[in-house]
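Thanks for coming. I have one structure to go through today, so let me put it on the screen.

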Amino acid sequence: MNIDGVNTGIVLDHIQAGKSMQIYEYLGLEKLDSCVAVIQNVRSGKYGKKDIIKIDEIIDLNLEVLGFFDSNITVNYIKDGKLIDKKHLALPDHLTDVIKCKNPRCITSTEQEIRHEFELVDREKKVYRCIYCDTLVKVK
């Protein structure tokens, strides 16, 4: 299968196979008027299989949230058919309103307007801690 390159836009590469639709939905890419290509299960020498998302315009992306979904993603910015910038992502140290605390006694469970905030406590095991009640959440 052959998918055209992006003349001006963004290419999200090295997405873990099967995660592209979750990222597509979180970013709200269905609302864009421009062309978006989701390519799944592409052969990869490094990962075996990977997904790719191509966006035919440059938009604002929350790179920390993308790093939370998959820290192996590379974000390639293309202009006039040339790579102008490449970002390598990592797990963010702090997350706000991305994951929710499951502790029923946490203040975020009873007070609707309080934001769900988590701090990274173990990068290797991908474990975050709720800043209000210290509940630990392991990211899959």
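I will go through a helix, a hairpin, a sheet and then one proline. Keep in mind that this is a predicted model.

Start with helix 1, which covers residues 20-27. Which of its residues are buried? They are S20, I23 and Y24. Around the helix axis these residues span an arc of only 105 degrees, so they sit on the same side of helix 1. As for what covers them, the list includes three strands and a helix: strand 1 (9-16), strand 2 (36-44), strand 3 (48-55) and helix 2 (63-69). Just after helix 1 comes G28, and its phi is positive, near 65 degrees.

Next, the hairpin. Strand 4, residues 74-79, pairs with strand 5 in the antiparallel sense, and there are six bridges between them. If you want one pair to look for on the screen, take K79, whose bridge partner in strand 5 is K82. Two residues lie between the strands of this hairpin. D80 is in that turn, and its phi is positive too, at about 55 degrees.

Now the sheet. Four strands make it up, in the order 6-7-8-9, with antiparallel pairing, and the sheet is open. Which strands stand at its edges? Strand 6 and strand 9 (136-138) do. Each of these has a single partner strand, so one side of each has no neighbour in the sheet. From one strand to the next, the twist averages 30 degrees. For strand 6, the partner is strand 7, residues 117-122; the two run antiparallel and are joined by three bridges. Within that pairing, L95 has F118 of strand 7 as its bridge partner.

That brings me to the proline, P92. Where is P92? The residue is in the loop that runs from strand 5 (82-88) to strand 6 (94-96), so to speak between the hairpin I showed and the edge of the sheet. Is P92 buried or exposed? Its relative accessible area is 4%, and the cut-off for buried is under 20%, so P92 counts as buried. Leaving aside residues up to four places away in sequence, P92 touches E64, G67, F68, L120 and Y128. Of these contacts, L120 falls within the 117-122 range of strand 7, and E64, G67 and F68 fall within the 63-69 range of helix 2. R43, by comparison, is 49 residues from P92 along the chain, and their C-alpha atoms are 28 Å apart.

That is what I have; questions are welcome.

Terms used:
Residues are numbered from 1 along each chain as its sequence is written. This is a predicted model: local features need pLDDT of at least 70, side-chain atom pairs count only at pLDDT 80 or more; totals for chains, interfaces and linings use all residues. Side-chain values use heavy atoms; hydrogens and water are left out. Buried means under 20% relative accessible area, exposed over 50%, partly exposed in between (1.4 Å probe, protein chains only). Contact means heavy atoms within 4.5 Å. The arc is that of the directions from the helix axis to the C-beta atoms. Two strands pair if DSSP finds at least two bridges between them. Axes are lines fitted to C-alpha atoms, for helices over the stretch in contact, and angles run from 0 to 180 degrees between N-to-C directions.
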